Amino acid sequence: MNWETALPLLIVLSSLIPGLIIFFLAEKQVVARITLNMAAALIKLALVGVMLWGVFHGHHYEIRLPFLPGLDLVLRADPLSMLFVTLSASLWLATTVYAIGYLEDSPNRSRFFGFFSLCVTATVGLALAGNLLTFVLFYELLTLTTYPLVVHRGTEVARLAGRKYLIYTVGGGALLLLATVWLYTLAGTLEFTARGFLSGLDAVHYPALIIIFVLLIAGLGVKAALIPFHGWLPQAMVAPAPVSALLHAVAVVKAGAFGIVRVVYDVFGIEFAASLGVTLPLAILASATIIYGSLRALFQDDLKRRLAFSTVSQVSYIVLGVAVAGPIATIGGLVHLVHQGVQKITLFFCAGILAETLGIHKISEMNGVGRRMPWTMAAFTIGAFGMIGAPPLAGFISKWYLGLGALDAGQNWVIFILAASSLLNAAYFLPILYRAWFKAPPASWPDERSFGKRETAWALLAPAVITAALTLGLGLLASMPYSPLEWVRFITEQEYAP
Amino acid sequence: MSGVFLYALLGVGLFVLGLYALIIHAHLLRKILAINVMGTGVFLVLVALAAGNPDAPPDPVPHAMVITGIVVAVSATALALILMLKVSVATGKNHLSDSTRD
Amino acid sequence: MTGDIVGIPWIVVLIVLPLTGGMACFLFPTISKSLGLIFALAIFTAVVGLGWQLVEQGAQRYAIGGWGASLGIDLYADGLSLLMLVTAALVGLGVSVYSGAYFSREKAKHFWPLWLLLWAALNALFLSADIFNLYVTLELLGLAAVALIALADGADALNSAMRYLLVSLLGSLFYLLGVALLYHSFGSLDIAILAQRMEPTPAVWSAVGLMSAGLLLKTALFPMHFWLPAAHACAPAPVSALLSALVVKASFYILLRLWLEVFALTDTSLGQLLGLLGATAVLWGGIQALRQTRLKLLIAYSTVAQLGYLFLAFPLGTNIAWKGACYMLLSHAIAKAAMFMAAGNILRFCGHDRIADLDRIAQRLPLTLTAFALAGVSIMGLPPSGGFIGKWLLLEASMSAGQWWWAVILILGGLLAAAYFFRVIGYAFTRAGLTHEVGVVPARMEWAALVLALAAILLGFISPAALELMGIGTPFGGERAG
């Protein structure tokens with residue numbers, strides 16, 4: 001085994017093995033657990049950095065393990081997987097710091113951090129999956145490892161939320177499995193290939209392929225929270241804040257969106273998918289989800305629920321960018337995978353800080369909170385403006401390319417969707433900011449904890465500030481080499497190369 | 001119809017009769033007896049079919065099978081009887097109580 | 001050295017060992033625990049020996065006493081027999097380790113001889129090449145199983161043992177009548193000879209019907225499953241594990257063997273009928289499991305559903321479908337044994353098995369809950385477990401055959417399994433207060449369940465090798481048939 005085969009495996013193992021060890025740590029072994037967590041997160045990030053460099057310089061990382069007759073488990077690094085792997089590894093580090101601060105003194109931490117690590121393992125495996133079978137494997141693993149995190153609090157509400165989460169995701173997984181087997185019997189391979197592996201099939205199979213496409217999108221759309229499969233997401237808010245952050249920004253919804261990108265580009269191939277006539281309905285579904293999610297977000301008073309519906313809306317930008325079928329829109333969609341992740345994790349970090357420090361859960365309780373917690377609300381404000389798409393933040397870059405791409409592909413109606421959505425984003429984020437900064441604070445907060453002179457614990461604030469800074473940086477420095485935008489251009493050139 | 005087939009048919013008849021009794025009787029002893037009647041029916045079929053051609057000597061293999069079968073049937077009956085006694089001690093009934101709908 | 005190992009007649013050793021063990025445990029009850037464990041290890045080693053022999057020399061036939069088929073009794077081992085022997089050995093070893101801590105001294109005295117006799121019957125059954133010998137082993141198996149169920153105290157256990165005995169005897173008699181007809185038609189009891197002489201006459205059709213009916217009753221295929229849930233739920237935990245994992249599979253094995261070699265009836269309406277009953281079992285068992293309020297009954301109904309999967313291979317009849325069903329059989333056996341053991345631990349810990357009151361098992365019995373969860377992953381057929389491999393192969397077979405409706409059943413069955421399984425897990429995470437005395441669960445029982453459950457997951461990673469071993473002696477017909 002040489003470095004080129006070992007590296008993908010090491011990246012997966014770098015969170016799997018610490019995760020398994022953590023299960024066996026006693027609650028009291030705080031130092032050991034923190035060391036293990038942080039070491040794993042840093043090692044993973046370093047390994048990903050090495051791989052990123054290697055992929056950019058044309059190295060080929062791949063490992064195969066025989067699994068079924070004629071089918072291997074494959075972990076492979078290509079530019080698209082690197083985009084997702086890098087996002088997961090960086091945000092995992094931030095979330096780990098945050099979670100250590102957030103769960104201080106709460107029960108069952110070993111169980112929590114164990115599953116937390118397994119969940120990232122599944123996400124990274126899914127990103128590196130080199131064929132649809134491997135993808136399915138990690139997709140199901142993700143369902144299994146996130147469930148204990150969703151029900152972590154052990155309340156009746158948590159149990160019911162967990163049940164709903166499972167009904168959706170296990171159902172989605174079943175559709176995905178059925179479609180995968182069907183695809184395999186038709187095509188004889190499941191290997192992800194640039195521009196797809198299906199265009200050579202006989203035309204008699206086209207109706208079957210359309211059904212398979214629908215099944216795959218439905219199966220993946222559950223995790224990506226496309227309507228009508230989005231119902232679990234707002235309920236899953238009962239989970240602890242780091243879990244919500246991870247679920248929304250990196251792991252679960254992104255896994256669905258990433259899967260849709262894979263299916264459209266590397267299973268069907270964008271041109272073949274367009275010729276089957278399946279991309280336009282997908283674009284319409286994504287647009288409907290964008291508008292619907294924003295509308296629902298408007299009417300939520302619970303902060304985390306409003307953010308949840310915002311996620312429903314924002315993740316569909318990725319799907320929209322892919323489905324519009326043009327190189328520039330693709331850039332917009334893919335780069336939003338990163339940008340939405342960074343922005344949304346900032347917002348969830350801040351929501352968690354408010355709940356932990358002041359006991360604030362509702363927007364109506366947020367009057368004047370900016371004066372009490374300026375750093376937190378500054379981070380929140382940057383995240384919110386990013387979501388609205390205000391220049392020069394990261395979200396602006398995504399929307400700009402999406403709009404340009406739609407015009408380029410001749411689908412002008414998408415512009416209206418983007419405009420309407422931006423207005424709605426503003427309509428549900430600006431009132432929060434107005435309350436926080438300009439209204440007078442109440443005499444006392446619902447449930448205040450004191451942190452001395454600081455506004456809150458360092459471990460909570462630092463990740464939020466850093467991701468907020470990233471939101472700014474990704475927008476300002478978008479055209480620098482190695483930025484996500486440049487990387488996405490690199491991917492798109494391969495997909496659309498003549 | 002030859003004698004052989006008459007015996008074989010008789011065996012099948014016993015088998016069916018035993019099956020009928022097994023289904024309609026609730027008393028465990030009757031059920032155990034019914035199983036034994038069914039077994040006897042099968043043995044009769046085996047022995048009858050072993051005769052085959054009246055001129056040639058009968059085939060020994062089915063006889064060996066019947067002897068083995070009888071041994072099995074005796075031990076099964078013994079187990080069934082002791083179990084029946086235990087059931088009636090434990091429940092005070094000599095038939096099966098329907099506890100599957102839990 | 002290799003030559004010596006390959007030279008030993010492992011087939012005979014595999015039958016003699018558990019028989020001797022059973023006798024030894026009966027004669028020396030005071031040391032039966034240690035004896036039982038030693039014999040379990042020895043049997044496991046012998047299975048490995050036979051596996052080696054099969055890999056080196058291909059399928060094996062052994063004539064007892066040198067008499068040869070048609071008059072004597074032949075033993076035969078190929079990939080399919082090996083699969084069943086390995087299943088029995090893995091589950092058997094797990095159960096033996098578990099039982100060492102489970103039974104009181106008084107019960108252990110009865111358990112060990114009976115269990116080793118049951119093992120002897122199983123091994124003999126999997127190695128018989130003769131349809132009458134199959135009958136004898138089937139009866140031995142049934143009698144040992146009934147006695148084991150009756151080990152549990154209480155009227156429920158005795159009742160279900162009695163019902164099981166009657167059903168078992170009835171099934172065997174149907175089978176025996178079929179044997180009589182087949183012998184009369186072809187003058188032989190040897191499976192290989194019967195396969196050569198086979199002709200579709202009315203007598204043969206009656207034999208097929210009678211034998212299938214008897215075996216299906218014993219395999220508890222819907223709608224003949226009525227006796228199973230009570231029997232499997234009332235028995236002591238290790239016995240439940242044996243019944244669900246191995247005993248029902250034995251009659252399935254006979255049916256499969258006869259179908260593949262003697263009846264050769266694939267592509268007929270009988271195959272479709274079996275598939276249909278299997279599909280109904282999957283759905284019905286799943287729905288019933290979902291409705292249960294007691295953990296052990298839930299697991300027992302899950303067995304009814306999982307047995308249904310095995311019959312989905314009959315209407316497909318391709319190499320890949322048979323292999324899928326066999327993989328399903330193997331992984332279900334191991335996962336279900338682990339699940340029953342975990343349930344036994346929970347029962348001992350809580351003093352009850354009401355699902356809604358399984359408060360905080362996750363915190364207090366983490367190893368057991370992990371075992372239960374991992375076994376559940378395989379039962380649900382999620383990757384990367386053995387259950388997933390079986391499900392994938394069956395899905396692939398049904399999609400390639402254009403019979404997509406079986407695929408839909410497989411998917412629905414998986415969803416139902418997830419539903420009933422997560423219902424248990426969900427309650428295990430809740431935080432109700434303590435309402436009862438807490439029992440002590442020996443670590444050995446927790447680890448035995450966990451190791452078996454891990455084995456069910458690991459089966460997902462060794463499928464290329466396992467499928468090749470299964471194919472020794474081509475029990476499922478040539479590859480081209482797939």
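Are Phe252(C) and Phe314(C) buried or exposed? Both of them are buried, and they turn up again in one of the close-ups below. Keep in mind while browsing that this is a predicted model.

**View 1. Two phenylalanine rings of chain C meet edge-to-face.**
Zoom in on chain C at its aromatic pair Phe252(C) and Phe314(C).
- The ring centres sit 6.1 Å apart, and the planes make an angle of 85°, which puts the pair in the edge-to-face class.
- Phe252(C) comes from helix 11 (residues 237–263) of chain C and Phe314(C) from helix 14 (residues 313–316) of chain C, so this pair ties together parts that are 62 residues apart in sequence.
- As noted at the start, both Phe252(C) and Phe314(C) are buried.

**View 2. Phe396(A) and Trp400(A) pair up along a helix of chain A.**
Over all chains the aromatic pairs come to 41, and Phe396(A) with Trp400(A) is a tilted one, at 5.9 Å centre to centre with 35° between the planes. The two residues are 4 apart in helix 17 (residues 394–408) of chain A, which means they are separated by about one helical turn. Phe396(A) counts as partly exposed at 27% relative accessibility. Trp400(A) is partly exposed too, with a relative accessible area of 48%.

**View 3. An aromatic cluster has members from chain A and chain C.**
Ring pairs link five residues here: Phe67(A) and Tyr184(A) together with Phe388(C), Trp392(C) and Phe461(C). Look out for Trp392(C), since it comes back in the next view.

**View 4. Chain C meets chain A.**
This contact draws on 31 residues of chain C and 34 residues of chain A. Between them the two chains bury about 2,900 Å², with 81% of that on carbon and sulfur atoms. On the chain C side, Trp392(C), Met399(C) and Phe429(C) lose the most area to chain A, together 23% of what that side buries. There are 0 salt bridges between chain C and chain A, while 2 residue pairs are in polar contact across the interface. Elements giving two or more residues to this side of chain C are helix 16 (361–364), helix 18 (386–400), helix 19 (404–428) and helix 21 (463–470). Helix 18 of chain C gives the most, with 9 residues. Sorted by class, this side of chain C has 22 nonpolar, 6 polar and 3 charged residues.

**View 5. Chain C meets chain B.**
Now for the contact of chain C with chain B, which takes 34 residues from chain C and 38 residues from chain B. The buried area is about 3,200 Å², 81% of it on carbon and sulfur atoms. Salt bridges across this interface number 0, and 1 residue pair is in polar contact. Helix 6 (131–149) and helix 7 (155–186) of chain C each supply at least two residues of the side that touches chain B. The largest share, 19 residues, comes from helix 7 of chain C. That side of chain C divides into 26 nonpolar, 4 polar and 4 charged residues.

**View 6. Asp190(C) and Arg61(C) form a long-range salt bridge.**
Of the salt bridges, 17 over all chains, this one joins the side chains of Asp190(C) and Arg61(C) at 3.4 Å, N to O. Asp190(C) is in the loop between helix 7 and helix 8 (191–197) of chain C, Arg61(C) is in strand 1 (residues 60–63) of chain C, and 129 residues separate the two. Asp190(C) is buried at 4% relative accessible area, whereas Arg61(C) is partly exposed at 40%.

**View 7. Helix 5 of chain C takes part in two salt bridges.**
- Within the helix: Glu106(C) and Lys109(C) meet at 3.5 Å, N to O. Both lie in helix 5 (residues 105–127) of chain C, 3 residues apart, about one turn of the helix. Glu106(C) is partly exposed at 48%, and so is Lys109(C) at 34%.
- Out to a loop: Asp153(C) bridges to Lys107(C), with the closest N and O atoms 3.0 Å apart. Asp153(C) lies in the loop between helix 6 and helix 7 of chain C and Lys107(C) in helix 5, so the pair ties together parts 46 residues apart in sequence. Asp153(C) counts as exposed at 64% relative accessibility, while Lys107(C) is partly exposed at 22%.

**View 8. Thr381(A) reaches Trp437(A).**
Thr381(A) belongs to helix 16 (residues 374–388) of chain A and is buried, with a relative accessible area of 13%. A polar contact of 3.0 Å joins its side chain to that of Trp437(A). Leaving out residues up to four places away in sequence, Thr381(A) touches Leu433(A) and Trp437(A).

Notes
Residues are numbered from 1 along each chain as its sequence is written. Chains are lettered from A and ligands numbered from 1 in the order in which they are written. This is a predicted model: local features need pLDDT of at least 70, side-chain atom pairs count only at pLDDT 80 or more; totals for chains, interfaces and linings use all residues. Side-chain values use heavy atoms; hydrogens and water are left out. Buried means under 20% relative accessible area, exposed over 50%, partly exposed in between (1.4 Å probe, protein chains only). A polar contact is a pair of N or O atoms within 3.5 Å; within protein, one must be able to donate a hydrogen and the other to accept it, and residues adjacent in sequence count only if both atoms are side-chain atoms. Contact means heavy atoms within 4.5 Å. Buried area is the accessible area (1.4 Å probe) that two parts lose on being put together, summed over both. A salt bridge is a side-chain nitrogen of Lys or Arg within 4 Å of a carboxyl oxygen of Asp or Glu. Ala, Val, Leu, Ile, Met, Phe, Trp, Tyr, Cys and Pro count as nonpolar, Asp, Glu, Lys and Arg as charged, and the others, Gly among them, as polar. Rings of Phe, Tyr and Trp (its six-membered ring) pair if their centres lie within 6.5 Å; planes under 30 degrees apart count as stacked, over 60 as edge-to-face and the rest as tilted.
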